[in-house]
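Let's take a walk through a protein model together, one step at a time. Keep the structure open beside you as you read.

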Amino acid sequence: MFCAIKISKSDPTPLYIQLANELIRLIDDGTLPPKTKLPTIRLLSSKLKINRDTVVNAYKLLESKSYVIAHIGSGTYVAPQSKFNIESKKELSPMPCSKTYFPRELFNIDICKKLMTDILDDEGWSAFVDPLNRERQLIRQAICDYLQTVGVTASNPYARLIQDTPNFLLELMKLSATSTICVEAYRDLSYTSTLSYLGFKVLEIPLTADGLDLEVLESQLKSQSVSYILITPYIQNPTGICYSEENKLGIIELCEKYDTMLIEDGTFTDFVYESYDIKSCYNLCKSDRVIYIYNFCKLYLPNLDYSFVVLPQIIQKRLIDTMQVALPERFVRYYLESEFFDEIRGDIVESCEIKYKKISQLLSSSSLLVQTYPNRNGLFFWLKSKQGSRMYQTLLKHNIVVSPSDLFATSNNADYFRLSIASLNDSEMDILVNVLAQLDSEF
């Protein structure tokens, strides 16, 4: 029966939430009747080919909702019918404090209809083809114009529109004679999981409040040949830190010294709210060895999957642009240049700043939650609880789902978690504020 469980690693919903919802489905439809013993953590993680912590977190979430009962030394069992809460039995709909993207409802389909009509009116049947690469050049210029607003000055020939960022990283790795990449110790694992799976060597570099630990980075560069260093210098996910200019220059210097390329992810730059001088590594570097990535659709067009890339000359000549420019790609350009996008972007950035200030104020007076690094953003907070995993369970009881540290690192530290506010609406924010305000009294 557990073969019927379907979870997807490409789905942005945390895997343990997907697993919990699948088990609830089996419980609600009677496939798993009361008193049924669930598989052991080891067995289920092996069958589904997922991390054991994912199963642990799913079982804990089900227990907090009274769907299962855990007996120490015996196992986890489906709870008797009388234990079920009527509301929670309908569907597990936790507050999404685990997401760094925005609700799709913000992106009305009427915008798409209007822009598609504009495209067809302007170009007719030519909207479906681009034989002379005219549209490719227009898209590249639109990308350059947009990146200028987030502190990146780029030239048209070096800009690219790409799909599937992890696959793009794979293509970059194939260009190098070595198969080693340095990454941040805490990071978005989706970037490098494919590389690890395919046998590329991934070296984790610790983070400080200023950025990468330069001493550890240099020791790795000294000991082995490294192709790329991948960093997120603005609103690093999940820690929220912004690299200092000194740290960025130090990384660039090491890249030059050890003949290594730097991959810079600047996706969250719009959400730097505290005082900070934004200077991209791409523009700071004078030796043409920085690749800049901006996951545009992750933030501002979630129904599509496009990112912007700016390449250094040495890579631009070797990496052929295979993107077929047709109607969807034209839509991206029209959207970028539209008033619709300006309005959506402005509203999102402003609303996130308001939410950021509310939560920052609460955290500053909390005796239980500690911000590990200085935070300058309105999307998420990287927190450490003085109560360890108890805090995580307390939040679950209030139906607040956060992202534990094992989602961002190969070695788990249960005291850390990411609290995201990006996707919360006003009513959800009110609930979160009330819960955080009550936490001190609950311990």
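How many bridges join β14 to strand β17, and do the two run parallel or antiparallel? The answer is 5 bridges, and β14 and β17 (residues 416–420) run antiparallel. Before we go further, please keep in mind that this is a predicted model.

Let's stay with β14 for a moment. In β17, S420 is the bridge partner of F380. Strand β14 also has a partnership with strand β13 (residues 369–371): 3 bridges join them, and these strands run antiparallel as well. You can find two of the facing pairs by eye. V370 stands opposite K384 in β14, and L369 stands opposite S385 in β14. As you look along a strand, here is a handy rule: in a regular strand the side chains alternate between the two faces of the sheet.

Put these pairings together and a sheet appears. It is an open sheet of 4 strands, in the order β13-β14-β17-β16, with antiparallel pairing. Its edge strands are β13 and β16 (403–404), each of which pairs on one side only. How many residues of strand β14 are buried? In β14 (residues 380–385), 5 of the 6 residues are buried, so the strand is largely enclosed by the rest of the structure.

Next, look for T100. This residue is found in the loop between β3 (95–96) and α5 (109–123). Is T100 buried or exposed? With a relative accessibility of 6%, T100 counts as buried, because the cut-off for buried is under 20%. If we leave aside the neighbours within four places in sequence, T100 is in contact with F268, K298, L299, F380, R418, S420 and A422. Two names in that list should ring a bell: F380 and S420 both touch T100, and they are the bridge partners we met between β14 and β17.

Now let's move to another sheet. Here 7 strands form an open sheet in the order β4-β12-β11-β10-β9-β5-β6, and the pairing is mixed. The edge strands are β4 (159–162) and β6 (201–205), and each pairs on one side only. On average, neighbouring strands of this sheet are turned by 20° against each other, direction ignored. For one pairing inside this sheet, find strand β11 (residues 290–294) and strand β12 (residues 307–310), which pair in the antiparallel sense over 3 bridges. There, Y294 stands opposite F308 in β12.

On the edge strand β4 sits R160. Is R160 buried or exposed? Its relative accessibility is 6%, so R160 counts as buried. Leaving aside neighbours within four places in sequence, R160 is in contact with a set of residues that includes R140, I143, S307, F308 and V309. R140 is 20 residues away along the chain, yet the C-alpha atoms of R160 and R140 are separated by 6.2 Å. F308 is worth a second look: it is in contact with R160 and stands opposite Y294.

What about the cysteines? The structure holds 0 disulfides. C182 is in no disulfide, and the nearest cysteine sulfur, that of C255, is 9.1 Å away. C182 is also buried, with a relative accessible area of 0%. Why does C352 not bond with C97? The sulfur of C352 is 13 Å from the closest cysteine sulfur, in C97, and that is too far for a bond. C352 is buried too, at a relative accessible area of 1%.

Finally, let's step back and view the whole chain. It has 17 helices and 17 strands. Its C-alpha atoms fill a box of roughly 70 × 55 × 45 Å, taken along the principal axes. With 443 residues, a compact globule would have a radius of gyration near 22 Å, and the protein chain has 23 Å, which agrees. Buried residues make up 53% of the 443 residues. The chain exposes about 20,300 Å², of which carbon and sulfur atoms supply 50%. Among contacts between residues at least 6 apart in sequence, 71% join residues at least 24 apart. The contact between T100 and F380 is one you can trace for yourself in the model.

Methods: Residues numbered from 1 in each chain as written. Predicted model: local features only at pLDDT ≥ 70, side-chain atom pairs only at ≥ 80, totals over all residues. Heavy atoms only, no water. Pairing = 2+ DSSP bridges. Axes fitted to C-alpha atoms, helices over the stretch in contact; angles between N-to-C directions. Rg over C-alpha atoms; globule rule 2.2 N^0.38 Å. Buried < 20%, exposed > 50% of the residue type's maximum accessible area, 1.4 Å probe, protein only. Contact = heavy atoms within 4.5 Å. Areas by Shrake-Rupley, 256 points an atom, 1.4 Å probe, with all protein chains shown as cover. Disulfide = S-S within 2.5 Å.
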